[in-house]
Amino acid sequence: MLYRLSAAWARVELWCAAALVVCVTVLILLNVVTRTAGNALFWVDELAIYAMVWMTFLGASAALHHRSSVSITILVDLVPSHIKAIIRKAVDVVVFVFAIAMLWFCWRWFLPWDIARAGFDTVAFQGNTFNFIYAEPTSTLGLPKFLFWLVMWLFALGATLHSTMHLLARPTQDTKA
């Protein structure tokens, strides 16, 4: 069941990342056209950057599910299969610890209970915590930056789900020669 949940989450992440690739492409083409016409839309650059960041985090999380992240395998390629399984589980533990740390850092950064206790009043929240995450606007879009930083939560949740699934799964035999 955990595998199916992780696979479904990874599928959604990949679909969203693919949609964001299209979005980045369209935004860059729009930027080229408007600059050529002499009427540059400055917010397009910023939105394309945020779309690419979201695409990267969602793709990275999905890569954890598929075990297709960039890795150096020189040591793993040289050891017997039972040692490979141990190394793979050790990597799963490291990724799981990283994912839990990401959740913790997101919690400390966004302080959801504190903003709720302040009645979602950002001024009261800032006065109580000296945390200005909810007040900082984007440079050209004029939107609160925390909306774009929410991808950190999605990445942390996805990475935790995928790493938990791998951690609890039985080791598989390596079929590569």
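**Note on salt bridges, helix packing and aromatic pairs**

1. R117 is exposed in this structure, and the figure behind that word is a relative accessible area of 66%. The model under discussion is a predicted one, and each value in the points below should be read with that in mind.

2. What partner does the side chain of R117 meet in a salt bridge? The partner is D114, and the N to O distance between the two side chains is 3.1 Å. Both residues belong to helix α5, which covers residues 112-117, and they stand 3 residues apart, a spacing of about one turn of the helix. D114 has a relative accessibility of 25% and therefore counts as partly exposed, whereas R117, at 66%, is exposed.

3. The pair in α5 belongs to a longer list, since a search of the whole structure finds 4 salt bridges. Another of them joins the side chains of D45 and R35, with 2.8 Å from N to O. Here the two residues come from separate helices, D45 from α2 and R35 from α1, so this salt bridge ties together parts of the chain that are 10 residues apart in sequence. As for their surroundings, D45 is partly exposed at a relative accessible area of 29%, and R35 is also partly exposed, at 43%.

4. The helices that carry D45 and R35 deserve a point of their own. In general, a pair of packed helices is described by two quantities, namely the angle between the axes and the distance between them. For α1 (residues 2-36) and α2 (residues 42-66), the axes come within 8 Å and cross at roughly 155°. Because an angle over 145 degrees counts as roughly antiparallel, α1 and α2 are described as roughly antiparallel to each other. The crossing of α1 past α2 is left-handed, and the residues in the contact between α1 and α2 divide by class into 23 nonpolar, 6 polar and 3 charged.

5. A further salt bridge is formed by D92 and R67, whose closest N and O atoms are 3.0 Å apart. This pair links distant parts of the chain, for D92 sits in helix α4 (residues 81-110), while R67 sits in the loop between α2 and α3 (74-78), with their positions 25 residues apart in sequence. Is D92 buried or exposed? Its relative accessibility is 5%, so D92 counts as buried, whereas its partner R67, at 39%, counts as partly exposed.

6. Turning to the rings, the structure holds 11 aromatic pairs. One of these is the pair of W107 and W153, which is edge-to-face, with 6.4 Å from centre to centre and 80° between the planes. W107 lies in helix α4 and W153 in helix α8 (residues 151-168), so the pair ties together parts of the chain that are 46 residues apart in sequence. W107 itself counts as partly exposed, at 32% relative accessibility.

7. The rings of W109 and W149 are arranged in another way: their centres are 5.0 Å apart and their planes stand at 35°, so this pair is classed as tilted. Like the pair in the previous point, it links distant parts of the chain, with W109 in helix α4 and W149 in helix α7 (residues 146-149), 40 residues apart. W109 counts as partly exposed at 31% relative accessibility, and W149 is partly exposed as well, with a relative accessible area of 21%.

8. These two aromatic pairs are better viewed together than one by one, because a reader who follows the ring pairs finds that they link W107, W109, F110, W113, F125, Y134, F146, W149 and W153 into a cluster.

9. Two further residues can be used to compare distance along the chain with distance in space. H166 is placed in helix α8 and is buried, with a relative accessible area of 10%. The C-alpha atoms of H166 and F96 are separated by 9.0 Å, although the two residues are 70 residues apart along the chain. A118, by contrast, is placed in the loop between α5 and α6 (122-129), and at 18% relative accessibility A118 counts as buried. A118 and C16 are 102 residues apart in sequence, and their C-alpha atoms are 33 Å apart in space.

Key: Residues are numbered from 1 along each chain as its sequence is written. Side-chain values use heavy atoms; hydrogens and water are left out. Axes are lines fitted to C-alpha atoms, for helices over the stretch in contact, and angles run from 0 to 180 degrees between N-to-C directions. Helices (H or I, at least four residues) and strands (E, at least two) are DSSP runs, numbered from the N terminus. Angles under 35 degrees count as roughly parallel, over 145 as roughly antiparallel, 65 to 115 as roughly perpendicular and the rest as oblique. A crossing is left-handed if the near helix is turned anticlockwise from the far one by less than a right angle, and right-handed if clockwise. Ala, Val, Leu, Ile, Met, Phe, Trp, Tyr, Cys and Pro count as nonpolar, Asp, Glu, Lys and Arg as charged, and the others, Gly among them, as polar. Buried means under 20% relative accessible area, exposed over 50%, partly exposed in between (1.4 Å probe, protein chains only). Rings of Phe, Tyr and Trp (its six-membered ring) pair if their centres lie within 6.5 Å; planes under 30 degrees apart count as stacked, over 60 as edge-to-face and the rest as tilted.
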